[in-house]
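Student: I have a chain on my screen and would like to learn to read it. Can we go through it in questions and answers?

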Amino acid sequence: MAEIKADEVLDVKGLSCPMPMLKIKKALEKLASGKILEVWGTDPGTKNELKKYCEKEGHELLLVSDESGYTRFLIKKK
């Protein structure tokens, strides 16, 4: 996959449920349709929650990547 350029980056490392999802939802509300949000998080529950949320809301979860010490997500807003 070619490197995708995010329109906004959200760092929620160190936060635990439900804070990462609340911050992600708020950040997505501010983005225009078609824009990309990159999220860096450490809460293991965010992987399942974010996948379900994107499916429910119609956003496209482009990437879930385990990096060194955190998980990187790329979300394309519907």
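**Helices, core and charged pairs**

Student: How far apart are the end C-alpha atoms of helix 1, and what span should its twelve residues have?
Tutor: Remember that this is a predicted model. Count 1.5 Å a residue, and the twelve residues of helix 1 should span 16 Å. The value from the model agrees with that: the end C-alpha atoms of helix 1 are 17 Å apart.

Student: Which residues of helix 1 are buried, and where do they fall, seen down the axis?
Tutor: Buried means under 20% relative accessible area. In helix 1, that picks out Pro20, Met21, Ile24, Ala27 and Leu28. Seen down the axis, they line one face of the helix, because they fall within an arc of 130 degrees.

Student: Why can residues three or four places apart point the same way in an α-helix?
Tutor: Think about the turn. Residues three or four places apart point the same way because an α-helix has, for each turn, 3.6 residues.

Student: Which exposed residues sit on the face of helix 1 turned away from its buried side?
Tutor: First look at the buried side. Its residues pack against strand 1, strand 2, helix 2 and strand 4. The face turned away carries the exposed residues Lys26, Glu29 and Lys30.

Student: How far apart are the end C-alpha atoms of helix 2?
Tutor: Use the rule of 1.5 Å a residue again. Helix 2 runs over residues 45-57, so its 13 residues should span 18 Å. The model agrees, with end C-alpha atoms 18 Å apart.

Student: Within what arc do the buried residues of helix 2 fall?
Tutor: The buried residues are Thr46, Leu50, Tyr53 and Cys54. They line one face of helix 2, so the other side can be looked at separately. Asn48, Lys52, Glu55 and Lys56 are exposed there. Seen down the axis, the buried residues fall within an arc of 95 degrees.

Student: What covers the buried residues of helix 2, and which residue follows this helix?
Tutor: The cover includes helix 1 (19-30), strand 3 (60-66) and strand 4 (71-76). The residue that follows helix 2 has a positive phi, near 90 degrees. That residue is Gly58.

Student: How many residues does the largest nonpolar core have, and what gives the most to it?
Tutor: The largest nonpolar core has 14 residues. Those with the most contacts inside it are Leu10, Ile24, Leu28, Leu37, Val39, Leu50 and Ile75. Two or more residues come from each of strand 1 (8-12), helix 1, strand 2 (36-41), helix 2 and strand 4. With four residues, the element that gives the most is helix 1.

Student: Which residues does Leu10 touch, not counting residues up to four places away in sequence?
Tutor: Leu10 is among the residues with the most contacts inside the core. Leave out residues up to four places away in sequence. Leu10 then touches Lys23, Ile24, Ala27, Leu37, Glu38, Val39 and Trp40.

Student: How many disulfides does a search of the whole structure find?
Tutor: Check the sulfurs of Cys17 and Cys54. They are 15 Å apart, so they are too far for a bond. Cys17 is exposed at 54% relative accessibility, whereas Cys54 is buried at 2%. The search of the whole structure finds zero disulfides.

Student: Which residue forms a salt bridge with Arg72, and are the two buried or exposed?
Tutor: Arg72 has 12% relative accessibility, so this residue counts as buried. Its partner has 10%, so that one counts as buried as well. The pair links strand 4 to strand 2, 34 residues apart. At 2.8 Å from N to O, the partner is Glu38.

Student: Which residues are joined into one network by salt bridges that share partners?
Tutor: Start from the pair of Arg72 and Glu38. Salt bridges that share partners make one network of Glu3, Glu38 and Arg72.

Student: How far apart are the closest N and O atoms of Lys47 and Asp66?
Tutor: Lys47 lies in helix 2 and Asp66 in strand 3, 19 residues apart. Lys47 is partly exposed at 32%, and Asp66 is exposed at 54%. Their closest N and O atoms are 2.9 Å apart.

Student: How many salt bridges does the count come to?
Tutor: Lys13 and Asp11 form one of them, with the closest N and O atoms 3.9 Å apart. A salt bridge needs these atoms within 4 Å, so this pair counts. The count comes to six salt bridges.

Terms used:
Residues numbered from 1 in each chain as written. Predicted model: local features only at pLDDT ≥ 70, side-chain atom pairs only at ≥ 80, totals over all residues. Heavy atoms only, no water. Expected span 1.5 Å × (residues − 1). Buried < 20%, exposed > 50% of the residue type's maximum accessible area, 1.4 Å probe, protein only. Arc of directions from axis to C-beta. Contact = heavy atoms within 4.5 Å. Core = buried A, V, L, I, M, F, W, Y, C linked by side-chain atoms within 4.5 Å. Disulfide = S-S within 2.5 Å. Salt bridge = Lys/Arg side-chain N within 4 Å of Asp/Glu carboxyl O.
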